[in-house]
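Reader: I am new to this structure and would like to learn how to read it. Could we go through it together, feature by feature?

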Amino acid sequence: MEFAKKIRNTKLTNVLCSNLLVLASILVFYNSLQNELVYDDHFVVVQNEKIRTLDALDFLITEYWVGFKKEDMGTYYRPITILTFALDYALWELDPFDYHL
């Protein structure tokens, strides 16, 4: 009987801690949902023509920091990031709120 009670208490504790963590995350990041696209967002989202289509080949050959000079770019090759930006663009174009989610 004691063992079953401990398991129930552990599950309840895990649920409460998980919910508290989610609530804290929402409270911390809520302020950013109202903001515009800023800084490098203009290069990697707003001015990046590669995210306007869902062409898989483009994601494999696209450099991440489109718009920066080659010497300033470094070696950023992030096809998954470009793919997620393309999916965001396909769903809600350039609405900043949705990019911040």
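Reader: Let me start with one residue: is L87 buried, partly exposed or exposed, and why?

Author: Happy to help, and please keep in mind that this is a predicted model. The label depends on relative accessible area: under 20% is buried, over 50% is exposed, and partly exposed is in between. L87 has a relative accessible area of 39%, so L87 is partly exposed. You will find L87 in helix α5.

Reader: What about I80, and why does it get its label?

Author: I80 lies in helix α5 as well. I80 counts as exposed because its relative accessibility is 59%.

Reader: Which residues make a nonpolar surface patch with these two?

Author: L54 and L83 join I80 and L87 in a nonpolar surface patch of about 360 Å². For the protein's accessible surface, the total is about 7,800 Å², and 64% of that belongs to carbon and sulfur atoms.

Reader: Which residues of α5 are buried, then?

Author: A helix can be read by its spacing. An α-helix has 3.6 residues a turn, so residues three or four places apart point the same way. In α5, the buried residues are P79, I82, F85, A86, D88 and Y89.

Reader: Which residues form the largest nonpolar core?

Author: That core has nine residues: L37, V44, V45, I51, I82, F85, A86, Y89 and Y99. Both α2 (41-46) and α5 (79-92) supply at least two of its residues, and α5 gives the most, with four.

Reader: What is L37 in contact with, beyond its neighbours within four places in sequence?

Author: Try finding H42, V45, V46, L94, P96 and Y99 in the view; L37 is in contact with each of them.

Reader: How can I check the length of α5, and why does the result agree?

Author: Compare an expected span with the distance between the ends. With 14 residues at 1.5 Å a residue, α5 should span 20 Å, and its end C-alpha atoms are 20 Å apart, so the two agree. Just after α5, look at E93, which takes a positive phi of about 50 degrees.

Reader: How many helices and strands does the whole protein have?

Author: There are six helices and zero strands, giving the pattern α-α-α-α-α-α along the sequence. Of the 101 residues, 22% are buried.

Reader: And what share of contacts joins residues at least 24 apart?

Author: Counting contacts between residues at least 6 apart in sequence, 46% join residues at least 24 apart.

Key
Residues are numbered from 1 along each chain as its sequence is written. This is a predicted model: local features need pLDDT of at least 70, side-chain atom pairs count only at pLDDT 80 or more; totals for chains, interfaces and linings use all residues. Side-chain values use heavy atoms; hydrogens and water are left out. A nonpolar core is a set of buried Ala, Val, Leu, Ile, Met, Phe, Trp, Tyr and Cys residues joined through side-chain atoms within 4.5 Å. Buried means under 20% relative accessible area, exposed over 50%, partly exposed in between (1.4 Å probe, protein chains only). Contact means heavy atoms within 4.5 Å. Accessible areas come from the Shrake-Rupley method with a 1.4 Å probe; for residues, only the protein chains shown count as cover. The expected span of a helix is 1.5 Å times one less than its number of residues. Patches are made of residues with over 30% relative accessible area and no salt bridge: like charges are joined within 9 Å, nonpolar side chains (Val, Leu, Ile, Met, Phe, Trp, Tyr) within 5 Å. A salt bridge is a side-chain nitrogen of Lys or Arg within 4 Å of a carboxyl oxygen of Asp or Glu.
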